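Subject: Model for your files

Hello,

Please file the model below with the others. My notes on what was found in it follow.

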Amino acid sequence: MSAPIELYYWPTPNGWKVSIALEEMGLPYVLKPVNIGAGEQFEPAFLKISPNNRMPAIIDPDGPGGEPISVFESAAILQYLGRKSGQFYPTDERARVEVEQWLFWQMGGLGPMAGQAHHFRTYAKAIEPDESKLEYGKTRYTNEVNRLYGVLERALSDGRDYIAGEYSIADMAIWPWILPEGQGQNLADFPKLSAWHERVGARPAVKTGRALATDMRRGLDEDSEEGKKARDLLFGQKARV
């Protein structure tokens, strides 16, 4: 048996994508926590495998040609794991394109927009006490997430059970970012999306991957010195050269 994949992880939607995929694919892995609230993502050793100072990242000791390989960016990791395992990432070109377009829709749209909605609806209030200054951002990104939910609703309205037809890495990428309460949404307004969300969430591997290290997570909106330091680290970053 090859050495387990090293998963550099913190319990966030982007981290859940990869923990879910590893569980779904049955690939052995070992958890390497990266506490983003404590700035561990800026340590030189982690920078070597994740040049963008973001988790998740992986090291596969049994990479191409039997040599180790590191991979950063969650979509690239999902694609790599799909190819490695031969699961949830089709080889037929039409089917693969269908998966990839939804995978990158999540990376370019749902993830960033939902992240901004969370920021303005929750975290920013602990930074800017005058909520009137936050109203535009909160409205802008809440509305955009609503639009993106509508995109998923339409896609699922043709009778398909999963985003790209068959269950795939596209579902694993999108599912963790459907967090309606923090995004100002009501899933009852999107019945097809709601049914899909429940369907994916009922999978045993999704439950296990989503629950990984939940006890480590602390709220960035906490009114504490620890919470303030975490916010300063995450929301006050500039170039490091």
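Glu73 has a relative accessible area of 33%, so it counts as partly exposed (buried is under 20%, exposed over 50%, partly exposed in between, with a 1.4 Å probe and protein chains only). Its place is the loop between β4 (69-72) and α3 (helices are DSSP runs of H or I with at least four residues, strands runs of E with at least two, numbered from the N terminus). Glu73 is not a glycine, yet its phi is positive, about 75°.

The model is predicted: local features need pLDDT of at least 70 and side-chain atom pairs pLDDT 80 or more, while totals for chains, interfaces and linings use all residues. Residues are numbered from 1 along each chain as its sequence is written, and side-chain values use heavy atoms, without hydrogens and water.

Backbone, continued. Asn53, in the loop between α2 and β3, is another residue other than glycine with a positive phi, near 55°. Asn53 is buried, because its relative accessible area is 14%. Pro56 lies in the loop between α2 (44-47) and β3 (57-60), and the peptide bond from Met55 to Pro56 is cis, with omega near 10°.

Cores. The largest nonpolar core (buried Ala, Val, Leu, Ile, Met, Phe, Trp, Tyr and Cys joined through side-chain atoms within 4.5 Å) has 58 residues, and Leu81 and Trp196 have the most contacts inside it. At least two of its residues come from each of β1 (5-9), α1 (13-25), α3 (74-85), α4 (93-121), α5, α6 (169-174) and α8. The largest share, nine residues, is supplied by α4. Beyond four places in sequence, Leu81 is in contact (heavy atoms within 4.5 Å) with Ile5, Val18, Ala21, Leu22, Met25, Leu27 and Ile58. Apart from this core lies another of nine residues, including Tyr8, Ile36, Phe46 and Met55.

Aromatics. Six aromatic pairs were found in the whole structure (ring centres of Phe, Tyr or the six-membered ring of Trp within 6.5 Å; planes under 30 degrees apart are stacked, over 60 edge-to-face, the rest tilted). One of them is Tyr149 with Phe190, edge-to-face at 5.6 Å centre to centre and 75° between the planes. This pair links distant parts of the chain, with Tyr149 in α5 (residues 135-155) and Phe190, 41 residues apart from it, in the loop between α7 (180-183) and α8 (191-201). Both Tyr149 and Phe190 are buried. Tyr162 and Tyr167 also pair edge-to-face, at 5.2 Å and 65°, and with Phe88 they form one aromatic cluster. The charged end of Arg203 sits over the ring of Tyr167, 3.7 Å from its centre (NZ of Lys or CZ of Arg within 6 Å of the centre and within 35 degrees of the ring normal). Arg140 does likewise over Tyr141, at 5.4 Å.

Glu153, in helix α5, is buried but has no salt bridge, and the nearest side chain of opposite charge, Lys192, is 6.6 Å away (a bridge needs a Lys or Arg side-chain nitrogen within 4 Å of an Asp or Glu carboxyl oxygen; Lys and Arg count as positive, Asp and Glu as negative, and His and chain ends are not counted). Beyond four places in sequence, Glu153 touches Phe190, Pro191, Lys192 and Leu193.

Finally, Met216 is in the loop between α9 (204-211) and α10 (225-235). The C-alpha atoms of Met216 and Trp10 are 7.9 Å apart, with their positions 206 residues apart along the chain. Leaving aside neighbours within four places, Met216 is in contact with Trp10, Leu31 and Pro33.

Regards
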